There are 2 protein chains.
Amino acid sequence: MNRPPTKSVKAYPLPLKGNPGRTREEHSQETALDYAELIAELISTTGAARVTELARRLGVTHVTVNRTIQRLQRGGLVRTRPYHSILLTGAGWKLSEESRRRHEIVVGFLKSIGIPDAVARSDAEGMEHHVSKKTLAAFVKHLKRRGLHKPSR
Amino acid sequence: MNRPPTKSVKAYPLPLKGNPGRTREEHSQETALDYAELIAELISTTGAARVTELARRLGVTHVTVNRTIQRLQRGGLVRTRPYHSILLTGAGWKLSEESRRRHEIVVGFLKSIGIPDAVARSDAEGMEHHVSKKTLAAFVKHLKRRGLHKPSR
DNA sequence: CCCAAATTGTAGCGTAGGCTACAATTTGGC
DNA sequence: GCCAAATTGTAGCCTACGCTACAATTTGGG
Ligand SMILES: [Mn+2]
Ligand SMILES: [Mn+2]
Ligand SMILES: [Mn+2]
Ligand SMILES: [Mn+2]
């Protein structure tokens, strides 16, 4: 029977896909990062982070927000009181800061190479979670060289 | 009780998070794209795409590969015969081509801004799925300007 | 040609992240 | 102050993507 060759070109083992498991690991983190970032933003701009508003801004139902918030609470990132604003813990706040910094660098970089603002923001929302420290540093360097770097704020 | 202000600064509605739902939609696609790309690569370099080899290269178990392949088959991207090589359908092959092109552009761009090859390949594996057509075009333009563009092959 | 090893397949389980439907609580306009 | 509307919470249900454990099939060396 016409089986394709199995050990034909088996000269030496094929390389692994550039870092197996890393993408999956990043995906398990990114919802938490986006929530922390958005909660911080809502608190600082409106004074509260309410379930309904999170749901509206994230484009999911309030049920999804509730379940995710429960998970973040188990992970020690937020605290909640029934029918009150969601609050960030110390860890949650720190995470939100890191996330925002990373987010702004990615947006700034994309814009610096000519991407329109709306596209840059949309692309960054997903890309930001897959940019390594080294690449982020290269983005910052690129921005600094063009005098576009906003240090920490 | 000290409820945070709810309708305080409600001057006009806060903007949605730069394209709600897009990231989730991309995530549901990206496993399929990576599988299609890898299957094509294995077939062209070794003559066959076997379950075990896919599992090894992707860093998951063969069980995960089987389940994903079943899903891709339901989606019309691959065909399988028990204990034989996985084959790409027309749609699957087309998808693998698009995916490979996109992948190479992202890797090339990252390398062009000074990212080491290994880091570029690792970062690209996740980033590639969140880069819009416009941003991809900007990457290509950037590469062309530096004479680093490899046109499709 | 035979049987152990490798490969492939499947059953069952877990978590993340969605949803609808419905219940409970709070808010605010009259 | 009352009650309808808004908000928040919860009970299932679904799919994607992982896994372990075990079964079935194929392969290849002796
Ligand atoms: Mn963000
Ligand atoms: Mn994001
Ligand atoms: Mn990928
Ligand atoms: Mn992703």
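**Salt bridges, a two-chain contact and a shared manganese site**

In this predicted model, R100(A) counts as partly exposed, at 22% relative accessibility. Its side chain meets that of E97(A) in a salt bridge, with 3.8 Å from N to O, and E97(A) is likewise partly exposed, with a relative accessible area of 27%. Because R100(A) and E97(A) stand three residues apart in helix α4 of chain A, about one helical turn separates them.

Helix α1 of chain A offers another pair of this kind, R22(A) and E26(A), whose separation of four residues also amounts to about one helical turn. Their side chains meet in a salt bridge at 2.6 Å, N to O; here R22(A) counts as buried at 15% relative accessibility, and E26(A) is buried too, with a relative accessible area of 16%. Over all chains, the structure holds 20 salt bridges.

Six salt bridges run between chain A and chain B. One of them joins K17(A) to E41(B), the closest N and O atoms being 3.9 Å apart, and K17(A) also forms a salt bridge with E37(B), again with the closest N and O atoms 3.9 Å apart. The latter pair crosses from the segment before α1 of chain A, where K17(A) lies, to helix α1 of chain B, which holds E37(B). K17(A) is buried, with a relative accessible area of 12%, and E37(B) counts as buried at 5% relative accessibility. K17(A), E37(B) and E41(B) are linked with R57(B) in a network of salt bridges.

The contact as a whole takes 58 residues from chain A and 58 residues from chain B. L14(A), K17(A) and R57(A) supply 16% of the area that chain A buries against chain B, more than any other three residues. Between them the chains bury about 4600 Å², 53% of it on carbon and sulfur atoms. Since 100% of the interface residues of chain A are also interface residues in chain B, the copies meet through the same surface.

How are the two copies related? Chain A can be laid on chain B with an RMSD of 0.1 Å by a turn of 180° and a shift of 0.0 Å along the axis, and the copies are thus related as by a two-fold rotation axis. M127(A) comes closest to that axis among the residues of chain A, its C-alpha lying at 2.5 Å.

Both chains also contribute to the site of the manganese ion (ligand 4), whose protein donors are the NE2 atoms of H27(A), H130(A), H27(B) and H130(B), at 2.1 to 2.4 Å from the ion. Within chain B, H27(B) lies in helix α1 and H130(B) in the loop between α5 and α6, so the pair ties together parts that are 103 residues apart in sequence. H130(B) counts as buried, at 0% relative accessibility.

Notes. Residues are numbered from 1 along each chain as its sequence is written. Chains are lettered from A and ligands numbered from 1 in the order in which they are written. This is a predicted model: local features need pLDDT of at least 70, side-chain atom pairs count only at pLDDT 80 or more; totals for chains, interfaces and linings use all residues. Side-chain values use heavy atoms; hydrogens and water are left out. Donors are N, O and S atoms within 2.8 Å of the metal (3.2 Å for Na, K and Ca); water is not among the atoms, so sites may look incomplete. Helices (H or I, at least four residues) and strands (E, at least two) are DSSP runs, numbered from the N terminus. Buried means under 20% relative accessible area, exposed over 50%, partly exposed in between (1.4 Å probe, protein chains only). Copies are superposed by least squares on the C-alpha atoms of residues with pLDDT of at least 70 in both. Contact means heavy atoms within 4.5 Å. Buried area is the accessible area (1.4 Å probe) that two parts lose on being put together, summed over both. A salt bridge is a side-chain nitrogen of Lys or Arg within 4 Å of a carboxyl oxygen of Asp or Glu.
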